[in-house]
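Colleague: Could you take me closely through the sheet of this model, strand by strand, and then show me what packs around it? I would like one connected account rather than a list.

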Amino acid sequence: MSKTYLVLFQGLTETKDYFKNRLLSLGVSSETAETILKKAPVILKSSMTAEKVKKYATAFREAGARVTIMQEIGDSKESSIGSPPISIPALGDFTMCPECGMKQPRGKNCERCGYPLVE
Ligand SMILES: [Zn+2]
């Protein structure tokens with residue numbers, strides 16, 4: 001049995017607008033972003049592999065979120081955190097700009113320096 005993990009959102013390290021804009025660029029609607037902010041602390045996504053959960057947490061940290069990775073114990077979906085998990089669509093694959101090193105969704109020009117990311 002492999003271990004699974006969840007990501008808990010605890011608050012913001014950036015402004016609300018920054019967070020919402022960053023989430024939009026990850027394909028998360030501003031409605032969902034609002035829900036996350038209202039329900040915090042809240043589980044963003046559960047039942048992820050170690051590799052996936054790291055990607056997910058990194059994406060949210062870069063969006064200005066304070067998140068914690070927690071290991072899920074057994075099959076129990078119960079948690080001491082009152083709110084149920086929010087259903088966030090899977091985040092797209094991320095790529096790193098070869099020019100400036102900024103992590104971002106694939107298929108665009110670099111958000112920071114404009115370098116084309118299309119392979
Ligand atoms: Zn760049």
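Modeller: In this predicted model, L8 has T68 of β3 as its bridge partner, and F9 stands opposite V67 in that strand. These pairs belong to the contact between β1, which covers residues 5-12, and β3, where 7 bridges join two strands that run antiparallel. β1 is also joined to β2, again antiparallel, through 4 bridges, and there Y5 stands opposite M48. Taken together, the three strands make an open sheet in the order β2-β1-β3, with antiparallel pairing. Its edge strands are β2, residues 42-48, and β3, residues 65-71, each of which pairs on one side only. On average, neighbouring strands of the sheet are turned by 20° against each other, direction ignored.

From the strands one can go on to the nonpolar core. The largest such core has 21 residues, and those with the most contacts inside it are V7, F9, L44, Y56, F60 and V67. Two or more residues are given to this core by each of β1, α1 (16-25), α2, β2, α3 and β3. F60 is a useful residue to look at here, since leaving aside residues up to four places away in sequence, F60 touches V7, F9, L44, A65 and V67. F9 thus appears both opposite V67 in β3 and among the residues that F60 touches.

F60 brings us to helix α3, residues 50-62. With 13 residues at 1.5 Å a residue, α3 should span 18 Å, and because its end C-alpha atoms are 18 Å apart, the expected and modelled values agree. The buried residues in α3 are V53, Y56, A57, A59 and F60. Viewed down the axis of α3, these buried residues fall within an arc of 160°, so they line one face of the helix. The face turned away from this buried side carries the exposed residues A50 and E51. Just after α3 comes G64, which takes a positive phi of about 90°.

The edge strand β2 deserves a second look for its backbone. Most residues other than glycine have a negative phi, and most peptide bonds are trans. S47, which is found in strand β2, has a phi near 55°, a positive value in a residue other than glycine. With 13 C-beta neighbours inside 10 Å, where 12 or fewer would make a residue exposed, S47 counts as partly exposed. In the loop between α2 and β2 lies P41, and the peptide bond from A40 to P41 is cis, with omega near 0°. If you inspect the backbone yourself, S47 with its positive phi and the cis bond from A40 to P41 are two places to look.

Helix α2 itself, residues 30-39, contains K38. K38 is exposed because 9 other C-beta atoms lie within 10 Å, and a residue counts as exposed with 12 or fewer. Between K38 and G11 there are 9.9 Å in space, C-alpha to C-alpha, although the two are 27 residues apart in sequence. While K38 is exposed, helix α2 is also one of the elements that give two or more residues to the largest nonpolar core.

Notes
Residues numbered from 1 in each chain as written. Predicted model: local features only at pLDDT ≥ 70, side-chain atom pairs only at ≥ 80, totals over all residues. Pairing = 2+ DSSP bridges. Axes fitted to C-alpha atoms, helices over the stretch in contact; angles between N-to-C directions. Buried ≥ 20, exposed ≤ 12 C-beta atoms within 10 Å, placed from the backbone. Expected span 1.5 Å × (residues − 1). Arc of directions from axis to C-beta. Core = buried A, V, L, I, M, F, W, Y, C linked by C-beta atoms within 7 Å. Contact = placed C-beta atoms within 7 Å.
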